[in-house]
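Q: Could you take me through the interior of this protein, with a close look at its packing? I would enjoy a connected tour rather than a list.

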Amino acid sequence: MENKGTETPLPKLHTKGRLQPTLILTTLSAAFGSAFQYGYNISVINTPHKVFKSFYNDTHFERYGTFMDENSLLLLWSCTVSMFPLGGLLGSLIVGPMVDKWGRKGTLLINNVFAITPAILMGVSKVARAFELIIFSRVLVGICAGISYSALPMYLGELAPKNLRGTLGTMTEVFVIIGVLLAQIFSLQAILGNTTGWPILLALTGVPALIQLLSLPFFPESPRYTLIEKGDEETARQALRRLRGSSYDVEAEMEEMREEERKEQAEGRLSVLNLFTFRPLRWQLISIIVLMAGQQLSGINAINYYADTIYTSVGVDPTQSQYVTVGSGVINLVMTIVSAVAVERLGRRILLLSGYGICGLACVVLTVALLLQSTVPELSYLGIVCVFAYIVGHSIGPSPVPSVVRTEIVLQSSRTAAFTVDGAVHWFTNFIVGLAFPSIQVAIGAYSFLIFAALCLLTAVYIYTVIPETKGKTFVEINCAFAKRNGVDLPEEKGGAAAEPHTPSLPDKQTSF
């Protein structure tokens with residue numbers, strides 16, 4: 001007699017992504033070897049700047065028998081600082097063709113050349129008595145940071161399931177801050193920020209690159225890149241299974257990617273020049289520009305580049321300012337991790353708006369404290385509190401969240417071009433702030449922070465007015481949310497396939513520019 005109904009039911013597949021070991025390890029390998037370089041190199045020359053200037057001057061004396069005058073030394077040092085964002089700008093301009101040709105993972109691996117080579121050059125610069133090696137190497141590590149700051153968010157955003165996209169997206173900024181903090185610690189005079197240790201301090205930037213070079217090849221390429229741009233469905237499916245686990249409904253996500261591919265076939269692949277004239281992406285492009293310009297013009301890198309000077313101006317003893325800088329780095333890291341946890345619970349908009357609000361208010365109060373501390377010495381402590389409050393505000397929103405949003409608001413076909421524009425804006429504004437802030441501070445003193453306050457306000461108004469909440473939505477759903485503002489009709493499903501949108505289509509093949 002048959003025993004019916006005793007078959008064991010198949011386990012129900014879930015569609016909510018989880019932090020599987022492969023996804024975690026891929027994220028750690030990619031972020032530590034990439035975003036870390038940005039943070040480490042933007043901060044590493046801050047605290048021991050007097051040591052580097054002394055090396056420059058001593059080398060000049062050995063060559064020419066005279067020391068440099070103060071203006072020449074300042075110009076050379078400003079050149080050393082500004083070469084990093086200049087290299088970042090160059091990196092952002094070449095990242096588009098790289099991610100298209102070699103993929104997201106392949107680009108990150110090739111990019112390690114721009115970290116290991118300068119690490120060697122800076123490590124031997126003292127023995128070679130050539131400060132020019134440091135300046136040239138700053139360009140190379142800048143290129144490394146410029147490539148990674150675009151390629152990494154693209155890679156992580158495409159690896160992540162939609163319910164974890166925010167958390168993984170913020171890992172770019174988390175590892176930037178880890179780089180900043182470790183650079184601040186290693187730069188202490190008691191560790192490597194001294195006349196004997198600084199070559200090692202600069203050469204350490206090659207260690208994360210070596211670790212990534214040895215580990216990342218064992219992890220999968222972006223499934224979206226593999227399916228949509230390479231057309232390799234089976235490899236994309238295998239990558240998803242590794243990243244999501246055996247109990248995940250891989251086919252549901254594959255279908256979501258196919259839907260995105262169908263929509264992109266109607267639009268065509270976009271070059272940078274096409275992007276500026278393509279109406280369905282007009283407000284997405286403006287939003288990316290505003291987010292990245294606002295991130296830099298709100299003043300965060302003025303704080304990073306000139307932290308010691310700012311702390312001294314608010315009353316901190318110059319010999320102790322290096323420890324205050326490390327303390328601010330710890331706060332920065334803790335609050336960025338808080339943001340990574342909160343971004344999928346509170347959403348993107350509330351973190352951005354609250355962050356800019358805190359930053360703007362801190363800049364206003366800092367201005368008052370700096371203006372009045374000569375008559376009320378106790379206000380110097382309020383100045384330090386304001387700097388820390390600014391760091392808290394920037395760490396919960398303006399620093400980490402744009403890396404998430406810029407990935408979410410454009411589709412695969414336009415993402416490469418959009419990230420090229422995004423990177424160029426990020427590094428150009430970074431360069432402008434680093435170059436202009438010292439002169440502005442000399443010209444108008446404490447009032448310079450009111451400029452940052454005004455820019456925080458303007459960016460917050462734009463975010464509140466234009467950018468929708470993207471938490472928990474697919475890339476196609478987010479794209480449709482912008483459609484009304486762009487003045488285009490939404491594509492409709494007819495007979496199981498996406499209809500052509502009522503907008504001009506572009507050729508399927510375009511160059512990166």
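A: Here is a walk through the interior, from the overall fold to the core, the helix pairs and a few single residues.

Please keep in mind that this is a predicted model. The protein has 24 helices and two strands. Of its 513 residues, 58% count as buried. If you take the contacts between residues at least 6 apart in sequence, 82% of them join residues at least 24 apart.

Now to the core itself. The largest nonpolar core is made up of 118 residues, and Y38, Y56, L202 and L275 have the most contacts inside it. Helix α6, residues 132-159, supplies the largest share of this core, with 15 residues. There is also a second, separate core of seven residues, with L227, A236, L240 and V250 among them.

Two of those well-connected residues are good places to zoom in. Start with L275: once its neighbours within four places in sequence are set aside, its contacts are L270, L281, L285, S414, A417, A418 and V421. Helix α22 spans residues 412-444, so you may like to display that helix while you look at L275. The other place to look is Y38, one of the buried residues of helix α2. Helix α2 covers residues 35-43, and nine of its nine residues are buried, so the rest of the structure largely encloses this helix. Alongside Y38, the buried set takes in A35, F36, Q37, G39, Y40, N41, I42 and S43. Polar side chains such as those of Q37, N41 and S43 are thus included in the buried set.

Back in helix α22, T416 is worth a stop. T416 is buried, because its relative accessible area is 5% and the cut-off is under 20%. Its side chain is in polar contact with the side chain of D100, at 3.1 Å.

Next, the helix pairs. Helix α4, residues 70-111, packs against α6 at an angle of about 40°, and the two axes are 4 Å apart. That angle makes α4 oblique to α6. The crossing in which α4 passes α6 is right-handed.

Helices α15 (residues 282-297) and α24 (residues 475-486) give you another pair to view: their axes come within 8 Å and cross at roughly 105°. The two helices are therefore roughly perpendicular to each other. On the α15 side, the residues that meet the partner helix are R282, W283, Q284 and S287. On the α24 side, they are N479, F482, R485 and N486.

Two more residues round off the tour. R129 sits in the loop between α5 (113-128) and α6. Its phi is near 55°, a positive value in a residue other than glycine. With 26% relative accessibility, R129 counts as partly exposed.

T167, in contrast, counts as buried at 19% relative accessibility, since buried means under 20%. T167 belongs to helix α7, residues 165-169. Its side chain reaches the backbone oxygen of A340 at 3.2 Å. Leaving out residues up to four places away in sequence, T167 touches A340, V343 and E344.

Terms used. Residues numbered from 1 in each chain as written. Predicted model: local features only at pLDDT ≥ 70, side-chain atom pairs only at ≥ 80, totals over all residues. Heavy atoms only, no water. Core = buried A, V, L, I, M, F, W, Y, C linked by side-chain atoms within 4.5 Å. Buried < 20%, exposed > 50% of the residue type's maximum accessible area, 1.4 Å probe, protein only. Contact = heavy atoms within 4.5 Å. Polar contact = N/O pair within 3.5 Å; in protein donor to acceptor, adjacent residues only side chain to side chain. Axes fitted to C-alpha atoms, helices over the stretch in contact; angles between N-to-C directions. Parallel < 35°, antiparallel > 145°, perpendicular 65-115°, else oblique. Left-handed = near helix turned anticlockwise from the far one by under 90°.
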